[in-house]
Amino acid sequence: MKRYSAFAIAREAARHHTGWERAWRSPEPKKSYDAIIVGAGGHGLATAYYLGKNFGITNVAVLEKGWLGGGNTGRNTTIIRSNYLQDPSAAIYEKARDLYETLSQDLNYNVMFSPRGVIMLAQTHHEVRGYQRTAHANALQGVKTEFIGPEKVKEIVPIINIDGPRYPVLGGLWQPRGGTARHDAVAWGYARACSDMGMDIIQKCEVTGVRRIAGRVVGVETTKGSIDCNKLGIVVAGHSGVLADMAGFRLPIESLALQALVSEPIKPCMDVVVMANTVHGYMSQSDKGEMVIGGGTDGFNNYTQRGSFHHIEETVRALIETFPMISRLKMLRQWGGIVDMTGDRSPIISKTPLENCFVNCGWGTGGFKAIPGSGWAMAELMAKGYSPLANEFSTDRFKEGRFIDESVAAGVAH
């Protein structure tokens, strides 16, 4: 596959851009593979990529029932941070953040990583104590964060109102190396690199059944026929429970819709990401000038990808008090994604009761930031049967009572 570069752009410009090739192949599935990954979102593609890059396993198929990156990868608000309280969480999210910093060079594809910084606002005294505790934990974990006062918050985010009548800004947890990336580009970059290694990315190929013999996975049934495999990775976010049921086991997760919206584009006014967990809203500005806004999940289990009027009102009402200047903006579009939530708000990267079947799910509303680290850990687990990054996130923790509780430390699991 041709490398992208300034020289390639100049060369193609000289011949009217007639020499560009497709970023990835669209083959028909083979009869069998060493490994099949179900789900061509960021986590699934990253798993396939690191299987090839780190372990030389390239006879891999990535199956997607829709289009590549059309699930939560294409529907999120692109926040990248690693300021988590618990050690296992900080380790995998910091691994992901670190990989994001060089991902464009690794993939030879611009994922538009922007280390603009992330502030998590403390708007109650309880949050002040909680974020100070997290800052101390991060220092021990080697994650660079600091707790800053309201004046420093105002200096970093001039458009913010720190004297709100209900929820004044009392400080914030500041991670300067957090930021954003272009969600579509992350999926496209991984897909292109996987295809270049000879892997098959097969879209419009829904898995309808999992074949097993004597407690061991042997293949899958799809809308494009039966495909054999030695190992199976289930990486389908909000539909993990559906695939697990096909494989004959249950997962301790629930599926909910998470909604987001963007405003009409305006001139640059905010060059950081701000999360306000007390009022349940967060906001950043995209490279096109849109204010990217999100909040919490729906309060009931569902598989919808639509938005709802009450959610717009709830989220925007909360943010207007903190950012009064956005009150006159028009909403450009709204959408939803199906997220998978565990009881402790931490992910599952684990072996399953079905031999050689592995699952990566439960990232809740914070999956995008973890894509490189998640793929790294899942690939290691599939290749070696063990991964230091994934070990604490096995399903056994729910039986053993060793939860990785991030519901308070994260405020919301973004």
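Trainee: In this predicted model, which side chain has a polar contact of 2.9 Å with the side chain of Glu-94?

Mentor: Glu-94 lies in helix 3, residues 87-101. A polar contact of 2.9 Å joins the side chain of Glu-94 to that of Arg-97.

Trainee: Is Glu-94 buried or exposed?

Mentor: Leaving aside neighbours within four places in sequence, Glu-94 is in contact with Ser-82, Val-143 and Gln-175. The relative accessible area of Glu-94 is 18%. Buried means under 20%, so Glu-94 is buried.

Trainee: Which residues are linked with Glu-94 in a network of salt bridges?

Mentor: Side chains of opposite charge can pair when their charged atoms come close. Here the network of salt bridges links Glu-94 with Arg-97, Glu-101 and Arg-177.

Trainee: How many salt bridges does a search of the whole structure find?

Mentor: One of them joins Glu-290 and Arg-333, with the closest N and O atoms 3.3 Å apart. A search of the whole structure gives a count of 18.

Trainee: How many residues apart are Arg-333 and Glu-290, which form a salt bridge?

Mentor: The closest N and O atoms of Arg-333 and Glu-290 are 3.3 Å apart. Arg-333 is in strand 16, while Glu-290 is in the loop between strand 14 and strand 15, and the pair links distant parts of the chain. The separation is 43 residues.

Trainee: Which is the state of Glu-290, buried or exposed?

Mentor: Its partner Arg-333 is partly exposed, with a relative accessible area of 37%. Glu-290 has a relative accessibility of 6%. With the cut-off for buried at under 20%, Glu-290 counts as buried.

Trainee: Where is Arg-397, the salt-bridge partner of Asp-344?

Mentor: The side chains of Asp-344 and Arg-397 meet at 2.9 Å, N to O. This pair links distant parts of the chain, 53 residues apart, with Asp-344 in the loop between strand 16 and strand 17. Asp-344 and Arg-397 are both buried. Arg-397 is in helix 11, residues 396-400.

Trainee: What is the relative accessible area of Arg-402, which forms a salt bridge with Glu-392?

Mentor: The closest N and O atoms of Glu-392 and Arg-402 are 3.7 Å apart. Glu-392 is in the loop between helix 10 and helix 11, and Arg-402 is in the segment after helix 11. Glu-392 is partly exposed at 34%. Arg-402 is also partly exposed, and its relative accessible area is 27%.

Trainee: Why is the pair of Tyr-4 and Tyr-109 tilted?

Mentor: A pair of aromatic rings is described by the distance of the centres and the angle of the planes. The structure has eleven aromatic pairs. In the pair of Tyr-4 and Tyr-109 the centres are 6.0 Å apart; planes between 30 and 60 degrees count as tilted, and here the angle is 50 degrees.

Trainee: How many residues apart in sequence are the parts that Tyr-100 and Phe-368 tie together?

Mentor: Tyr-100 and Phe-368 form a tilted aromatic pair, 5.8 Å centre to centre with 35 degrees between the planes. Tyr-100 lies in helix 3 and Phe-368 in the loop between strand 18 and helix 10, so the pair ties together parts of the chain that are 268 residues apart.

Trainee: What do the end C-alpha atoms of helix 9 span?

Mentor: Helix 9 has 14 residues, 309-322, and at 1.5 Å a residue these should span 20 Å. The buried residues of helix 9 include His-311, Ile-312 and Leu-319, and what covers the buried residues includes strand 4, strand 12 and strand 16. The end C-alpha atoms agree with the expected span, being 21 Å apart.

Trainee: How far apart in space are Val-38 and Leu-68?

Mentor: Val-38 lies in strand 1, residues 32-38, and counts as buried at 6% relative accessibility. Beyond residues up to four places away in sequence, Val-38 touches several others, among them Leu-63, Val-207 and Ile-234. Val-38 and Leu-68 are 30 residues apart in sequence, and their C-alpha distance is 11 Å.

Trainee: Which residues does UniProt list for "domain: Rhodanese"?

Mentor: The span is 32% helix and 18% strand, and its end C-alpha atoms lie 29 Å apart. The UniProt entry is unreviewed, and the residues listed there are 36-79.

Key: Residues are numbered from 1 along each chain as its sequence is written. This is a predicted model: local features need pLDDT of at least 70, side-chain atom pairs count only at pLDDT 80 or more; totals for chains, interfaces and linings use all residues. Side-chain values use heavy atoms; hydrogens and water are left out. UniProt positions are given in the numbering used here, feature names are shortened, and annotations may be inferred rather than shown by experiment. Helices (H or I, at least four residues) and strands (E, at least two) are DSSP runs, numbered from the N terminus. The expected span of a helix is 1.5 Å times one less than its number of residues. Buried means under 20% relative accessible area, exposed over 50%, partly exposed in between (1.4 Å probe, protein chains only). Contact means heavy atoms within 4.5 Å. A polar contact is a pair of N or O atoms within 3.5 Å; within protein, one must be able to donate a hydrogen and the other to accept it, and residues adjacent in sequence count only if both atoms are side-chain atoms. A salt bridge is a side-chain nitrogen of Lys or Arg within 4 Å of a carboxyl oxygen of Asp or Glu. Rings of Phe, Tyr and Trp (its six-membered ring) pair if their centres lie within 6.5 Å; planes under 30 degrees apart count as stacked, over 60 as edge-to-face and the rest as tilted.
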